[in-house]
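User: I would like to go through the sheets and the nonpolar cores of this structure. Could you take my questions as they come?

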Amino acid sequence: MPANAQHWIHRLQLLPHPEGGYYKEIFRSANEVTRAGATDPKQACTSIYYLLEGRDFSGFHRLASDELWYFHKGVPLHIHVLDNDGSHTTIELSDTDTGSLQAIIPPNTWFAAEIPAGTGFTLVSCAVAPGFDFTEFEMAKKDELLAQYPQHEGLLERLCRC
């Protein structure tokens, strides 16, 4: 019998994530790097398992670092990216002919993720470099994004958590 979301949540000991879904940090580099123009060192890289199921979603947010997503199991996942110029791109993360096995989200870019079918689950890994730090994580405020990107009202209404 194929594994379902609860199997992976239990097996990988995933916890609820503030942006939606479930996660577990699995790697935090002992190496440190310093961004150009900064003075405070950061871990070189961090990595998590991340799982979404059904109609749950990763709400619009942004990070100060690059984030790479890697598909492992489940149904196709859509990552919605809003560029500074207002353009919207959808990346399908999946092992189907229309999908990619990995996606790259540049730093300071608003993005969200959902399962377009609204059923099943998707298990991915996310690597962040320089490493993830909650002080560099920003959840979108729907009203502010609507003012900046009014042309994407439907998308923002659906995928903003606050």
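Analyst: The discussion below covers the sheets and then the cores, and the model is a predicted one.

User: In what order do the strands of the 6-strand open sheet run?

Analyst: The order is E1-E2-E5-E12-E7-E10, and the pairing is antiparallel.

User: Which strands stand at the edges there, and why is one side of each left without a neighbour?

Analyst: Strand E1 (15–16) and E10 stand at the edges; each has a single partner strand, so one side of each has no neighbour in the sheet.

User: How many bridges pair E7 with E12, and how many join E7 to E10?

Analyst: E7 and E12 pair over 8 bridges in the antiparallel sense. E7 and E10 also run antiparallel, joined by 4 bridges.

User: Which residues in E10 are the bridge partners of Trp69 and Glu67?

Analyst: Trp69 has Ala103 in E10 as its bridge partner, and Glu67 has Ile105 in E10. Towards E12, Tyr70 stands opposite Ser125.

User: Turning to the open sheet of 5 strands, what is the order there?

Analyst: That sheet is ordered E9-E8-E11-E6-E13, with antiparallel pairing. Strand E9 (88–93) and strand E13 (137–139) are its edge strands, each pairing on one side only. On average, neighbouring strands of this sheet are turned by 30 degrees against each other, direction ignored.

User: How many bridges join E6 to E13?

Analyst: Strand E6 (residues 57–63) is joined to E13 by 3 bridges, and the two run antiparallel. Leu63 stands opposite Phe137 in E13.

User: Now the cores. Which members of the largest nonpolar core touch the most other members?

Analyst: Of its 16 residues, Tyr50, Trp69, Leu77, Ile79, Leu93 and Val124 do so. The elements giving two or more residues to this core are strand E5 (46–53), strand E7 (66–74), strand E8 (77–82), strand E10 (102–105), strand E11 (110–114) and strand E12 (121–129).

User: What is Leu93 in contact with, leaving aside its neighbours within four places in sequence?

Analyst: Leu93 is in contact with Trp69, Tyr70, Phe71, Val75, Pro76, Leu77, Ile79, Ser100, Leu101, Gln102, Ala103 and Val124. Among them, Trp69, Leu77, Ile79 and Val124 are, like Leu93 itself, listed as touching the most other members of the largest core.

User: Which residues does the second, separate core include?

Analyst: The second core has 13 residues, including Leu82, Ala140, Tyr149 and Leu156.

User: What tends to happen to nonpolar side chains in soluble globular proteins?

Analyst: In such proteins, nonpolar side chains tend to be buried together.

Note on methods
Residues numbered from 1 in each chain as written. Predicted model: local features only at pLDDT ≥ 70, side-chain atom pairs only at ≥ 80, totals over all residues. Heavy atoms only, no water. Core = buried A, V, L, I, M, F, W, Y, C linked by side-chain atoms within 4.5 Å. Buried < 20%, exposed > 50% of the residue type's maximum accessible area, 1.4 Å probe, protein only. Contact = heavy atoms within 4.5 Å. Pairing = 2+ DSSP bridges. Axes fitted to C-alpha atoms, helices over the stretch in contact; angles between N-to-C directions.
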